[in-house]
Amino acid sequence: MAISITSGALERLSSLKKRRQTPTAVLRVGVRGGGCSGLSYYMDLVEDAQPKDKIFSFDGHRIAVDRKSYLFLNGTEIDFEKSMKRTGFTFNNPLASRS
């Protein structure tokens with residue numbers, strides 16, 4: 001399996017990179033320990049991936065995931081939701097027992 005990203009999330013990523021004037025930036029995603037539910041997701045636009053990262057490419061955009069995080073993110077779909085209740089990126093992870 002791998003990580004996937006929806007077209008809505010790709011559109012949002014494009015607009016963020018354009019606004020920041022960083023067209024070649026890499027989207028780095030991962031998990032961190034802590035919080036009530038154990039792990040939390042994080043995202044950041046970085047200049048380049050780390051040497052041991054797993055890299056996924058979608059329509060000219062690169063997503064980097066460190067090896068440890070990949071164990072928890074394998075099969076995850078990154079989406080962007082915009083509604084009256086909530087706006088932001090979401091992680092649809094089949095390995096998560098709750099979110």
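**Notes on the predicted model**

1. Let's start with His61, which sits in strand β5, a strand covering residues 61-65. Bear in mind that this is a predicted model. His61 has a relative accessibility of 11%, so it counts as buried, the cut-off being under 20%. Who are its neighbours? Leaving aside residues up to four places away in sequence, His61 touches Leu10, Leu13, Ser14, Lys17 and Phe56. Leu10, Leu13, Ser14 and Lys17 fall within helix α1, which spans residues 7-20.

2. Staying with β5, look at its partner. Strand β4 takes in residues 54-58, and 5 bridges join it to β5 in an antiparallel arrangement. Across that pairing, Phe58 stands opposite His61. The hairpin of β4 and β5 has 2 residues between the strands. Asp59 is the residue to check on a Ramachandran plot, as its phi is positive, near 50°.

3. Next, the open sheet. It has 3 strands, in the order β1-β6-β7, and the pairing is mixed. At the edges are β1 (4-5) and β7 (87-92), each of which pairs on one side only. Helix α1 packs on this sheet and touches β1, β6 and β7. The direction of α1 makes about 75° with that of β6.

4. A closer look at β6 and β7: strand β6 runs over residues 77-82, and 6 bridges join it to β7. These two strands run antiparallel. In this pairing two phenylalanines face each other, with Phe80 opposite Phe89 in β7. As a general reminder, strands of a sheet pair through backbone hydrogen bonds, either parallel or antiparallel.

5. Met43 is worth a click too. This residue is found in strand β3, the strand made of residues 39-46. Is Met43 buried, partly exposed or exposed? Its relative accessible area is 26%, so Met43 is partly exposed. Not counting residues up to four places away in sequence, Met43 touches Leu27, Arg28, Val29, Ile78, Phe89 and Phe91. One of these contacts, Phe89, is 46 residues from Met43 along the chain, with 9.2 Å between the C-alpha atoms. Phe89 is also the residue that Phe80 stands opposite.

6. The other residue of β3 to pick out is Leu39. Leu39 has a relative accessible area of 40%, so this residue is partly exposed. Together with Leu71 and Phe72, Leu39 forms a nonpolar patch on the surface. The three have about 300 Å² of accessible area together.

7. How many salt bridges does the whole structure have? The search finds 3. Take Asp53 and Arg28 to begin with: their side chains meet at 2.3 Å, N to O. Asp53 belongs to the loop between β3 and β4 and Arg28 to strand β2, so the pair ties together parts that are 25 residues apart in sequence. Both residues are buried. Arg28 has already come up as one of the contacts of Met43.

8. Another salt bridge links Arg62 and Asp48, whose closest N and O atoms are 3.2 Å apart. Arg62 lies in strand β5, whereas Asp48 lies in the loop between β3 and β4, so this pair ties together parts that are 14 residues apart in sequence. Arg62 is partly exposed, at a relative accessible area of 31%. Asp48 is partly exposed as well, at 47%.

9. The remaining salt bridge joins the side chains of Arg86 and Glu81, at 3.5 Å, N to O. Arg86 counts as partly exposed because its relative accessibility is 48%. Glu81 has 28% and also counts as partly exposed.

10. A last stop is Thr22, in the loop between α1 and β2, the latter being residues 26-33. With a relative accessible area of 29%, Thr22 is partly exposed. Where does Thr22 sit with respect to Val46? Along the sequence they are 24 residues apart, and their C-alpha atoms are 9.0 Å apart in space.

How values were computed:
Residues numbered from 1 in each chain as written. Predicted model: local features only at pLDDT ≥ 70, side-chain atom pairs only at ≥ 80, totals over all residues. Heavy atoms only, no water. Helix = DSSP H or I, 4+ residues; strand = E, 2+ residues; numbered from the N terminus. Buried < 20%, exposed > 50% of the residue type's maximum accessible area, 1.4 Å probe, protein only. Contact = heavy atoms within 4.5 Å. Patch = residues over 30% accessible without salt bridge, like charges linked within 9 Å, V, L, I, M, F, W, Y side chains within 5 Å. Areas by Shrake-Rupley, 256 points an atom, 1.4 Å probe, with all protein chains shown as cover. Salt bridge = Lys/Arg side-chain N within 4 Å of Asp/Glu carboxyl O. Pairing = 2+ DSSP bridges. Axes fitted to C-alpha atoms, helices over the stretch in contact; angles between N-to-C directions.
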